[in-house]
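Subject: Structure handover

Hello,

Here is the structure we discussed. Please load it before reading on.

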Amino acid sequence: MAKYNFDEYIERRNTSSMKWDLMGERFGDPDLLPYWVADMDFKSPPEVIEAIEEKLKHGVLGYPVVKESLIESIVNWEKVRHGWSFDKSAVTWAPGVVGGLAFAIEAYTKPGDGIILQTPAYPPFYEIIETAGRHVVKNPLKRENGRFVMDLDGLEKLLTPTCRTLIFCSPHNPVSRVWTKDELEKLAELAVRKDILILSDEIHQDIVFSDAKHTCLATLPGMDKRTLTYIAPSKTFNLAGLSSSVVVIPDSSLMEQYKSVLVRFHLSRLNAMGLVAMEAAYTKCADWADEMVAYLEGNRDYAEKFVRERMPKAKMDHPEGTYIFWIDFRGYGFDGKTLPEFLAKEAKVALNKGLDFGSEGDGFARLNVGTTRKQLAEGLERIAEALNRTGKN
Ligand SMILES: Cc1ncc(COP(=O)(O)O)c(C=O)c1O
């Protein structure tokens, strides 16, 4: 019997929501239906809301301190959900996963260094590399048996003394791959052999469908010494607005370097509400996470069937995890310029533009299914209807 209702529509317009209130500015029309920014239209778990209410009732919002019990809740979550054990001393913080990646760029690389991305890649990865005076070195994903896979031979060829850091996305945004253990073992073997430092962004690790399994990269032999793992309650429990993320760094020397950046920018301070919400989420909300992922799996199945049947010239690989899916619209003759125009002007929907993820995204769009089934259906109907109306289908 389901305990939570993910079918409930919650009005988010005029609530300072980036996804709902920034469409006028970004897409030129505030009245589109949004399937872009990666948050979900669901309320956060009631246990999290209650914990925040409790804190507010007390009413004093001064400087917080991290409680042992919070760190234990993180260690325990990773152990129970992902079979990954690490010491409490491996836990540190970031105001967001992207911020934490930027601190690592500062800590371990120098201006002019190359940083590798497996493209197409989440747009802020490019921004934090380029604005830090480093440069993006692309290791594009390859196509194999109808899905995206890593090009490890290509990766090996890119490595030099000034290009040995990889921002790794697992599960992968935007291609929705949950890397298999076998694929990760091959990456790990290369990383150990060639001394690669891996910034493993596992923010989507809890959102994995029943036909896939996430493996934390740091659990593989030799990887705890060369991996920073980024996790957060932000995607799993829809808490991105609380800017509270976790970085797990089992190697003490890497930890020291990371912390030196936090000290330099005086960023060790944390958000009082974020801490309260995180501990409630990791201790009380496993059932909510399970139900939410099952609901998203239903959305995955719905979207897959819809694309197959109603947009036959579009292609979407079978999404294995995340709630952001990568759709190839090139079969309709669209490119990186005409597709966003069509989606906004003809279909009246806001999807992320493929080109923002790199040149590999030409003719692609990223669809966020983290919403009610009804709203997902409405967005897909709008696209199919516009394809029919314009004679493309
Ligand atoms: C792979 C990935 N990393 C990081 C983020 C954002 O993390 P944060 O808001 O904690 O910076 C997202 C959000 O969509 C993401 O998909």
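Below is what I found, taken region by region. Keep in mind that this is a predicted model.

**Ligand shell**

I started with the ligand. Its surroundings hold 14 residues, and those that come nearest are Ala38, Gly96, Val97, Val98 and Asn173. By class the shell splits into 8 nonpolar, 5 polar and 1 charged residues. Which helix gives the most to this shell? Helix H5, residues 97-108, with 3 residues.

**H5 and H6**

H5 also packs on another helix. Its partner is H6, residues 123-130. The angle between the two is about 30°, and their axes are 10 Å apart. The crossing of H5 past H6 is right-handed. On the H5 side the contact uses Val98, Leu101, Ala102 and Ile105. On the H6 side it uses Pro124, Ile128 and Ile129. The contact contains 7 nonpolar residues, with no polar and no charged ones. Val98 is worth selecting in your viewer: it is among the residues that come nearest to the ligand, and it also meets H6.

**H3 and H11**

H3 covers residues 46-58, which makes 13 residues. From first C-alpha to last it reaches 18 Å, close to the 18 Å expected at 1.5 Å a residue. Glycine 59 follows H3, and its phi is positive, near 90°.

H3 packs against H11, residues 272-284. Their axes come within 8 Å and cross at roughly 145°. This crossing is right-handed. From H3, the residues in contact are Glu47, Val48, Ala51, Ile52 and Lys55. From H11 they are Ala272, Met273, Val276, Ala277, Ala280, Ala281 and Lys284. By class, that contact has 9 nonpolar, no polar and 3 charged residues.

**The seven-stranded sheet**

There are two sheets to look at. One has 7 strands, is open, and has mixed pairing. Its order is S2-S10-S9-S8-S7-S3-S4. S2 (91-94) and S4 (135-138) are the edge strands, each pairing on one side only. From one strand to the next, the twist averages 25°.

Inside this sheet, S9 (residues 227-231) and S10 (residues 245-248) run antiparallel and are joined by 3 bridges. Which residue of S10 is the bridge partner of threonine 229? Valine 248. Helix H10, residues 252-264, packs on the sheet and touches S2, S9 and S10. The direction of H10 makes about 30° with that of S2.

**The five-stranded sheet**

The other sheet is open too, with 5 strands in the order S1-S13-S14-S12-S11. Here again the pairing is mixed. Why is one side of S1 and of S11 left without a neighbour in the sheet? S1 (33-35) and S11 (315-316) stand at the edges and each has a single partner strand, so one side of each has no neighbour there.

S13 (residues 349-353) and S14 (residues 364-368) run antiparallel, with 2 bridges between them. Lysine 353 has alanine 365 of S14 as its bridge partner. Helix H13, residues 338-346, lies across S13 and S14. H13 runs at about 160° to S13.

**Backbone points to check**

Some background first: most residues other than glycine have a negative phi, and most peptide bonds are trans. A few places here depart from that.

- Threonine 119 and proline 120 are joined by a cis peptide bond, with omega about 5°. Proline 120 is in the loop between S3 (114-117) and H6.
- Serine 170 and proline 171 are joined by a cis peptide bond as well, with omega about -5°. Proline 171 is in the loop between S7 (165-169) and H8 (181-194).
- Asparagine 14 has a positive phi, near 60°, although the residue is not glycine. Asparagine 14 is in the segment before H1 (18-21).

That is the full list from my side.

Best regards

How values were computed:
Residues are numbered from 1 along each chain as its sequence is written. This is a predicted model: local features need pLDDT of at least 70, side-chain atom pairs count only at pLDDT 80 or more; totals for chains, interfaces and linings use all residues. Helices (H or I, at least four residues) and strands (E, at least two) are DSSP runs, numbered from the N terminus. The expected span of a helix is 1.5 Å times one less than its number of residues. A residue is near a molecule or strand if its C-beta atom, placed from the backbone, lies within 6 Å of it. Ala, Val, Leu, Ile, Met, Phe, Trp, Tyr, Cys and Pro count as nonpolar, Asp, Glu, Lys and Arg as charged, and the others, Gly among them, as polar. Two strands pair if DSSP finds at least two bridges between them. Two residues are in contact if their C-beta atoms, placed from the backbone, lie within 7 Å. Axes are lines fitted to C-alpha atoms, for helices over the stretch in contact, and angles run from 0 to 180 degrees between N-to-C directions. A crossing is left-handed if the near helix is turned anticlockwise from the far one by less than a right angle, and right-handed if clockwise.
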